[in-house]
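User: I would like a close look at a single helix of this protein, and at the regions that can be compared with that helix. Please set out the reasoning step by step, as for a first-year student.

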Amino acid sequence: MKSTSRTLLAAALVLGVVAGPAVPPALAATSSPADTSPATASARSGIPELEAAIADLPTSDATAALVRVGGTEGVWRGSSGVHDLTTNRPADPAGRFRAGSVTKVFTAAVALQLAAEGTLDLDRTARSYLPELIPASYGKVTVRQLLNHTHGIPAADVPGGTVEEWYADRFRIHDPEKMVRSATAKKREFAPGEKQHYLNIGYTTAALIIERITGDTYEDQVTHRILKPLGLRDTYLPGTDPHIAGEHNHGYQTMRLDDGTTGLRDVSVWGPTDGWAAGDIISTTADLERFIKALFQGRVVRGPLLREMFTLPKVADFSTGDPAAYSVGLSMKKLGGREVWGKSGSRWGYNTGIVSTRDGSRTLVYSVNSTNAKGQEMSTVVRNIMVAAYGSP
């Protein structure tokens, strides 16, 4: 791709000196026209748990939360917290946010569409598409392995080692080809197809393959194949722009401040290019709900290839030894005694998730403005939302 075409679950930390006063949550349950159905009526019993999951924001864990639950079991909408800690006005339920690794679902869907059209072969090697970029040491890695995280390529090098260093460097433009070169210059973590390690680099590489075979930018392919057909008017790929266009609830991160104290810094403006096709999309809960419903109904990826998104590779996780949890684009968890599929995403100041039962009986989309969104532990608010919507693991 020409460089010009590209120029375009967290531990709660104590809130620091920037913390604003607590604001009463703005909660609302919105019912569908089919409210009289038994399924919807029974689903209402979940409203108190969902309200409790996002009540009393802002807290040390999060400043805002937006939640949409849908499907044949019932409909619920709720929001809580503040638009920003300066005005303390209520959070905007329709606000845009950074959806992080939810981007991978869009990338995977485009790749699977191309596979259905016969222009992309999932069993063909990445090197055969990008011979000048992928070295011989990674010559056996297939496109499918890029998409289900079984490729064995280590993470790309990104300067910095602390949130403060990354914040200071937040406007750096990261070139995807250079990121792939830095990753593939290292020794492989494991033989292709042998284990699973969830990393961004597979999706960065897959997007470069999408561009190579289509002669188009990754951004245009997602826009023309998914965003426009589904009418996702509030979803876009930001290119190099560090701002979130339009109304959005501000994201904050606990970090060391300029005066040496620890507190919250507004991190809403942050360059997205380190994530690109693995994590840069900006959206709303309404758009993501429409997207996951269409995806699970087979209206985005059609035919047998949709099964790729619901097939876990029979390998172990590289770090834990547990069974693989990621398919092509999605991941699977067992909650409340049933399988739920979806994808979470994190960018500084924002945690996002799109989740559904396989039959679409209950969907969940959330955006939580977590104060440690990229921490090692799942946000308490996110965990409570998931349990309220589906039940305990």
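Analyst: The account below takes one helix, follows the chain beyond it, and then turns to a second helix and some further positions.

The model is predicted. The helix chosen is H11, which covers residues 285-296. A first check concerns its length. At 1.5 Å a residue, the twelve residues of H11 should span 16 Å. The C-alpha atoms at its two ends are 16 Å apart, so the expected and the computed span agree.

The next point is how far H11 is covered by the rest of the structure. A residue counts as buried when its relative accessible area is under 20%. Nine of the twelve residues of H11 are buried, and the helix is therefore largely enclosed by the rest of the structure. The buried residues are Thr285, Asp287, Leu288, Glu289, Phe291, Ile292, Ala294, Leu295 and Phe296.

One of these, threonine 285, repays a closer look. Threonine 285 belongs to helix H11, and because its relative accessibility is 2%, it counts as buried. Which residues does threonine 285 contact, leaving aside its neighbours within four places in sequence? They are Leu66, Arg68, Pro93, Phe97, Val365, Tyr366 and Ser367.

What follows H11 along the chain? Glycine 298 follows the helix, and its phi is positive, near 80 degrees. Further on, threonine 311 is placed in the loop between H11 and strand S8 (316-317). Is threonine 311 buried, partly exposed or exposed? With a relative accessibility of 46%, threonine 311 counts as partly exposed. Not counting residues up to four places away in sequence, threonine 311 touches Ser327 and Trp341. The C-alpha atoms of threonine 311 and valine 328 are 7.6 Å apart in space, while the two residues are 17 residues apart in sequence. In addition, a polar atom of the threonine 311 side chain lies 2.6 Å from the backbone oxygen of arginine 307.

The second helix is H4, which can be examined by the steps already used for H11. At 1.5 Å a residue, the 15 residues of H4 should span 21 Å; its end C-alpha atoms are 22 Å apart, which agrees. In H4, 13 of the 15 residues are buried, so this helix too is largely enclosed by the rest of the structure. H4 is followed by glycine 118, and the phi of that glycine is positive, near 85 degrees.

H4 also allows a look at how two helices pack. Two packed helices are described by the angle between their axes and by the distance between those axes. For H4 (residues 103-117) and H9 (residues 201-214), the angle is about 40 degrees and the axes are 10 Å apart. An angle under 35 degrees would count as roughly parallel, and one of 65 to 115 degrees as roughly perpendicular. H4 and H9 are therefore oblique to each other. The crossing of H4 and H9 is left-handed. The residues of H4 that take part are Lys104, Thr107, Ala108, Val110, Ala111 and Leu114, and they meet Tyr203, Ile210, Ile213 and Thr214 of H9.

Some backbone positions in the loops also deserve attention. Most residues other than glycine have a negative phi, and most peptide bonds are trans. Where, then, are the exceptions?

Asparagine 88 is not a glycine, yet its phi is positive, about 60 degrees. Asparagine 88 is found in the loop between strand S2 (76-81) and strand S3 (97-98), and because its relative accessibility is 19%, it counts as buried. Tryptophan 276 likewise has a positive phi, near 40 degrees. Tryptophan 276 lies in the loop between strand S6 (262-266) and strand S7 (282-283), and at 5% relative accessibility it counts as buried. As for the peptide bond, the one from leucine 57 to proline 58 is cis, with omega near 5 degrees. Proline 58 is placed in the loop between helix H3 (47-53) and strand S1 (62-70).

A position in a strand completes the account. Valine 368 lies in strand S12 (residues 363-370), and its relative accessible area is 0%, so it is buried. The C-alpha atoms of valine 368 and tyrosine 350 are separated by 5.8 Å, although these residues are 18 residues apart along the chain. Not counting residues up to four places away in sequence, valine 368 touches several residues, among them Ala62, Tyr350, Ser379 and Ile385.

Note on methods. Residues are numbered from 1 along each chain as its sequence is written. This is a predicted model: local features need pLDDT of at least 70, side-chain atom pairs count only at pLDDT 80 or more; totals for chains, interfaces and linings use all residues. Side-chain values use heavy atoms; hydrogens and water are left out. Helices (H or I, at least four residues) and strands (E, at least two) are DSSP runs, numbered from the N terminus. The expected span of a helix is 1.5 Å times one less than its number of residues. Buried means under 20% relative accessible area, exposed over 50%, partly exposed in between (1.4 Å probe, protein chains only). Contact means heavy atoms within 4.5 Å. A polar contact is a pair of N or O atoms within 3.5 Å; within protein, one must be able to donate a hydrogen and the other to accept it, and residues adjacent in sequence count only if both atoms are side-chain atoms. Axes are lines fitted to C-alpha atoms, for helices over the stretch in contact, and angles run from 0 to 180 degrees between N-to-C directions. Angles under 35 degrees count as roughly parallel, over 145 as roughly antiparallel, 65 to 115 as roughly perpendicular and the rest as oblique. A crossing is left-handed if the near helix is turned anticlockwise from the far one by less than a right angle, and right-handed if clockwise.
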